Amino acid sequence: MYILGIESSCDETAAAIVKDGRTLVSNVISTSVKEQALYGGVVPEIASRRHCEFISATVAQALADANMQIDDVDAVAVTFAPGLIGAVLVGVNFAKALAYSAGKPLVPVHHLRGHIAALYLTHPELKPPFLCLVASGGHSHIVQVKDYTHYAILGRTVDDAAGEAFDKVARTLGLSYPGGPSVANAAKTGNAKAYRLPVPHVEGKYNVSFSGLKTAVLNEVNKAQQKGTEVNVPDLAASFQERIAGILAEKLLSAAADTGAAQVCLAGGVAANGRLRQLVNDGAQRLGAKVYLPELKFCGDNGAMIAAQGYYQYVAGHTAGLDLNGLPTLPIDYE
Ligand code: KG4
Ligand code: ZN
């Protein structure tokens, strides 16, 4: 079964064809990230306008790369929540029109379920149940994936998402947007022990909090300025990365130990972080759990992950009518 997946919840306009939820056939990503970088973050209206401009050609290219026509696909899957609502609606309306005109089923996909499904593209042998840290620009969840369409949230951030913390710290350090890759890059030549950053206290065993960490980085910058000096950017980037990756890995691994998870996974944009991947890999091996990490090309937003999850939603009977709406927020464990 061939599913066309369409994603437009942030600054990537993406479309892909995936066979049976597992095999990538084509994958096209158009992005406004360079333009967004001029403003130091995503400007929602710019994202929506670029989606309007890019979406038709992006979907056409995904079909062309697959050597397929719309008649050859079995269903059209689209991200309907959560995300920047003006951006989400572009994809939702495009998918509706396409599904209607081609007489194909329309399958709504939750963006974070999509991030998790990116793992199925990288690891054909991976099957639920597994434990997954989903960390993106807007969310940080520790999720028990019970089966392909059922989830339980064990922990979450009580303030900033992990990706958001990387983005804000990058801005404080004068590094470019998106912050994750630029902090990771600066950290390469830094000493992770140079700055002592706090370990935030948070209620809830598997919850995380990053706003205090972000403020601690800002305080270091202000302290240095008051002394007429400057922070060492690579050292502070490395110290921050070490702390945030350490917290995320520690929470995921303690949840894995407590629940006896046999399979431990990462998903979302922050799953591209090399230090986080290393810590989770090493820790899970010590626990005797198998580790599954998404390929770097499937960590950030893409259409393939929506097509992969779209397959499982479709097989479970989750289709929508032409009254489908987009939602800015929706928990991953919605029924
Ligand atoms: O999943 P994603 O592409 O979009 C959302 O759904 O939000 O995640 C984007 C986030 C951004 O905050 C970005 O800074 C972060 O993922 N990110 C990283 C890395 N690459 C992207 N964070 C840490 N290390 C990275 N290498
Ligand atoms: Zn995402």
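Which pocket is the space taken by ligand 1? In this predicted model, the space that ligand 1 takes up is the largest pocket, and the protein covers 86% of the 560 Å² of accessible area that the ligand has on its own. Beyond the ligand site, this briefing turns to a run of antiparallel strands, S6, S7 and S8, and then to some backbone features in loops, among them a cis peptide bond between Pro-128 and Pro-129.

**The surroundings of ligand 1**

- The shell around ligand 1 holds 19 residues, and those that come nearest are His-115, Gly-137, Asp-167, Gly-180 and Gly-269.
- Sorted by character, the residues of this shell comprise five that are nonpolar, 12 that are polar and two that are charged.
- Three helices each give two or more residues to the shell, namely H4, which spans 111-122, H5, which spans 162-172, and H6, which spans 179-187.

**Polar contacts of ligand 1**

- The side chain of Asp-167 has an N or O atom that lies 2.7 Å from an oxygen atom of ligand 1, and Asp-167 is also one of the residues that come nearest to the ligand.
- Gly-180 makes its contact through the backbone, where an N or O atom is 2.9 Å from an oxygen atom of the ligand.
- For Asp-301 the side chain is again involved, with an N or O atom placed 3.3 Å from an oxygen atom of ligand 1.

**Strands S6, S7 and S8**

- Strand S6, covering residues 130-135, and strand S7, covering residues 140-147, run antiparallel to each other and pair over six bridges, while the hairpin that they form has four residues between the two strands.
- Within this pairing, Leu-133 is found opposite Ile-142 of S7.
- Strand S7 also pairs in the antiparallel sense with strand S8, which covers residues 150-156, and this pairing too has six bridges; here the hairpin from S7 to S8 passes through two residues.
- Two residue pairs illustrate how S7 and S8 are matched: His-141 has Arg-156 in S8 as its bridge partner, and Asp-147 stands opposite His-150 in S8.

**Backbone features in loops**

- Most residues other than glycine have a negative phi, and most peptide bonds are trans.
- The bond that joins Pro-128 to Pro-129 is a cis peptide bond, with an omega of about 5°, and Pro-129 belongs to the loop between H4 and S6.
- A cis peptide bond also leads from Tyr-177 to Pro-178, where omega is near -5°, and Pro-178 is located in the loop that lies between H5 and H6.
- Asp-20 is not a glycine, yet its phi is positive, at about 50°; this residue sits in the loop between strand S2, covering 12-19, and strand S3, covering 23-31.

Conventions: Residues numbered from 1 in each chain as written. Chains lettered and ligands numbered in written order. Predicted model: local features only at pLDDT ≥ 70, side-chain atom pairs only at ≥ 80, totals over all residues. Heavy atoms only, no water. Pairing = 2+ DSSP bridges. Near = heavy atom within 4 Å. Polar contact = N/O pair within 3.5 Å; in protein donor to acceptor, adjacent residues only side chain to side chain. Areas by Shrake-Rupley, 256 points an atom, 1.4 Å probe, with all protein chains shown as cover. 1 Å grid on protein atoms, 1.4 Å probe; cavity = no way out; pocket = protein on both sides within 12 Å on 5 of 7 lines; lining within 4 Å. Sits in = over half its atoms within 2 Å of the grid points. Nonpolar A, V, L, I, M, F, W, Y, C, P; charged D, E, K, R; others polar.
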